[in-house]
Amino acid sequence: MARKTAKTKADRVRDLFVNLNGVSRQRWESVNQQSHNFYLDNQLTKDEHETLERQGMPTFTINRIIPIVEMLNFYVTANQPRWQAIGTEGSDVDVANVHADIADYIWYESDGQSKFSQVINDGITKSVGYFKVYVDAHADHGLGEVKIDTIEPFDIFIDPKSRDIFYRDAAYIMVHKIMPQSHLQKVFPEYANKIKNANAADTGNFSYSQKAEGSDFQYKEIEDQSYDYLGEEDRKLDYYELYEKIKLPYMNVFYRIEPSPEEISEIRARIDVEMEAIEAEMNVKAQEAVLHLNTQLEMGEIIEQRFTLEMEKLEKQLQQQIIQTREQKISDAMEAVSRVENNIVSEKEFKVLMKGALQNSLIDAVKFYEARIKLTCVVGDTFMYEAVLPGIEYPIIPIHYKWTGTPYPMSAVAPLVGKQQELNKAHQLMVHNASLGSSLRYLYQEGSIDEDYWERYASAPGALLPVRQGFEAPSIVQPAPISSAFAHIVELGKTDMEYLAGIYSSMQGDVKTQHDTFKGLLANDEYGTRRVKTWMKNAVEPSLQHLGEVVRDYAQATYRSNKIFRIVEPNNQKVKDVEVNIIQYNKYGDAVGKFFDYETAKFDIRLVAGSTMPINRWAYLKELMEMLKLGIVDDIAVLAEADIKGKEEIAKRKSLLSQMQGQLGEAQEMIKDKEGTIETLERQLVQAGIKDKVRMAEHDMRKQVLDTSAKLKGDVAVTRANQNLQNERSKDMQRNQEKEFKELVQNGLAEKKQGNNLP
């Protein structure tokens, strides 16, 4: 039954490949193989080459497609892409920051830059390039590593009904290769016996060069024969990888994690201590209640039977209260240390877990279906294995040049094929016409000349060419004059190819069409690369972001154990260690959790827009120098963008010099401040001396004035005193005179009276 099932799976995959490799798929591959051939200078078919040689025309080609493809590749892959991770929750922020370093680690370990260049080159020449994300299970000593690889676009077969640019709506994606048996056994040593017993499905698929039959050379062409390590001819087998989306049942499980026996013992010991104090309090309250009942009994408020009944109730309530309090505290403590966990497991795993400890701790379980990618691997007519991959999206990520809304996009070279053929034909005609003009042709009668002699010396300067008598001399056959329009066609064809591709001469270093100023260079970059930027914005960057999301899913499914990523930083070549899934232990030495739990963290991926695009370094440097003159940036910012050897050391020296200059400037400022202080103090001292002298002078003058004033006041007082004294004396003399006069008058009157009284 198992053999029949395996045979049925192999037949299903082979039949599906036949249906996918239909007429539309073959025509698309043929057209894009021609574009790829023109890019590789394989521009003439075998019939065209033979026809030109028969006509004596040149068979060279002027390949204008190679520089266009190389410039497109350069503009897109000048720098490596950078991703940012944004944590969904606060606890995921730290892990999200770590993911950017892990993405750089995966890109570096996978040689991502060369793979990126190959994918872009395939997208330009073959219309689509493919990244493939996979897990190398044998890397890191069996722990596994996430890797990024490329796939040949013509080996990919997409569901024709897909209409999503990343084929997310495709029912299946198939990879088909033709590989030697010995190589398959080396790649899959665990399936060596199955590969040995496998039979080839279709020998018509073995021709590598059938896609470009009729070409003069095919770069993809190899010999049909292959040999094993013994040097014997090795048979080739079809190798199929079928990726298809399926819906698998999962369970969203909520369960409780109970505390360990050690934690339970610790909880009980702590509660015993707490209960001693609580029981003591309850006993005191019970004694108070008993005392109250005794008082009521003594006062006759209650009878003896009531007293006995209340005492029994009180004793029972006390015991129940103690038991309930203990149980409540134990329940609260157990609730505090136990926690509810949420996990997502498959339905099959859930059934197994329910037979174990989960049946007692399960809280809730919600069933849902989630998309997964199933890989089925078949060699020849033999089924090898199938597996469910970690991510929810296909691990094959396309980068189209021009998406047409179907799995059959268009390349950048396809519109240039016609113009390239026009240029080739115009050059061939002009060179052939010039060759006919320089190598003369003659029309002669048979027997009139010696053909060997004429072929040898007809073009020699000064040659004498004999003609037999009786015959007419050979006549020169002049080539028809070629139109001057051919030169115009060539120049116009070159211009048309630049216009169609969006890659102009100035972008390739043509100094005749470039500007001298950095503003002109920046304008060239701005206007000349807009079509490239459109492709970047609409196709390349969305694909790179999708690649980052797929890498996240695979990395979270792979890096589940403790791991240290050693990352070399490209700027300073320093080694940076990033550690995830750090085990967290409790005090008993048991693992209870993880720091930087990378597997369960939730974060979104964002591509840094324009991170892969180049910059015009000289124009940008000139712009920085202009900003430096304006003081917007410092010299360290300019130095960081300059192409100078050892600029890190220069920056360090500049930093030390800046520090020393800063210290010197601070010292000079301090000296200036002190000198200013000293000058101020000196001025203040001089001013104080002047003020003191002025004050002394004023004091002396004031003293002199006061002395003079006092002297003057003293003289005036003496004068006034003398005057007053004289006045007093004059008044005394006057009073004395008046007194004397009065006395004389009185004496006279007395005498007169006395005289009258005389007889």
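Trainee: Let me start with one side chain: does Lys-161 count as buried or exposed?

Mentor: The general idea is to compare relative accessible area with cut-offs: buried means under 20%, exposed means over 50%, and partly exposed lies in between (1.4 Å probe, protein chains only). At 57% relative accessibility, Lys-161 counts as exposed. Before we go on, note that this is a predicted model, in which local features need pLDDT of at least 70 and side-chain atom pairs count only at pLDDT 80 or more, while totals for chains, interfaces and linings use all residues. Residues are numbered from 1 along each chain as its sequence is written, and side-chain values use heavy atoms, with hydrogens and water left out.

Trainee: With which residue does Lys-161 form a salt bridge?

Mentor: A salt bridge here is a side-chain nitrogen of Lys or Arg within 4 Å of a carboxyl oxygen of Asp or Glu. The partner of Lys-161 is Asp-159, with 3.1 Å between the closest N and O atoms. Unlike exposed Lys-161, Asp-159 is buried, at a relative accessible area of 2%.

Trainee: How many salt bridges are there by this rule?

Mentor: The count comes to 21. Another of them joins the side chains of Asp-164 and Arg-168, at 3.0 Å from N to O. Asp-164 is buried, at 17% relative accessibility, and Arg-168 is partly exposed, at 35%.

Trainee: Which residues are joined into one network by salt bridges that share partners?

Mentor: They are Lys-9, Arg-12, Glu-244, Lys-374 and Glu-386. Within that group, Glu-244 and Arg-12 meet through their side chains at 2.8 Å, N to O. Glu-244 lies in strand 8 (residues 236-257) and Arg-12 in helix 1 (residues 2-20), so this pair ties together parts that are 232 residues apart in sequence. Helices (H or I, at least four residues) and strands (E, at least two) are DSSP runs, numbered from the N terminus. Glu-244 is buried, with 8% relative accessible area, whereas Arg-12 is partly exposed at 42%.

Trainee: In what sense do strand 8 and strand 10 pair?

Mentor: Two strands pair if DSSP finds at least two bridges between them. Strand 8 and strand 10 (residues 362-379) are antiparallel, with 17 bridges, and Tyr-243 has Leu-375 in strand 10 as its bridge partner. Strand 10 also runs antiparallel to strand 11 (residues 382-388), joined by six bridges. Cys-377 stands opposite Tyr-385 of strand 11. Strands 10 and 11 make a hairpin with two residues between them, and Gly-380 in the turn has a positive phi of about 60 degrees. As you look at these strands, remember that side chains in a regular strand alternate between the two faces of the sheet.

Trainee: What is the phi of Ser-127, a residue other than glycine?

Mentor: The value is positive, near 80 degrees. Ser-127 sits in the loop between helix 6 (112-126) and strand 2 (128-136), and is buried at 0% relative accessibility. Compare His-141, also a residue other than glycine, with a positive phi near 55 degrees. His-141 is in the loop between strand 2 and strand 3 (145-151) and is exposed at 82%.

Trainee: What should the 15 residues of helix 6 span?

Mentor: The expected span of a helix is 1.5 Å times one less than its number of residues. For helix 6 that gives 21 Å, and its end C-alpha atoms are 20 Å apart, which agrees. Its buried residues include Phe-116, Val-119 and Ile-120. Helix 9 (residues 261-298) has 38 residues and reaches 53 Å from first C-alpha to last, close to the expected 56 Å. Among the buried residues of helix 9 are Ile-267, Ile-271 and Met-275, and the helix is followed by Gly-300, with a positive phi near 80 degrees.

Trainee: One last site: which residues does Val-608 touch, not counting residues up to four places away in sequence?

Mentor: A contact means heavy atoms within 4.5 Å. Val-608 touches Arg-82 and Gln-84. Trp-83 is 525 residues from Val-608 in sequence, yet their C-alpha atoms are 5.7 Å apart. Val-608 belongs to the loop between strand 19 (603-607) and helix 18 (617-630), and is buried at 18% relative accessible area.
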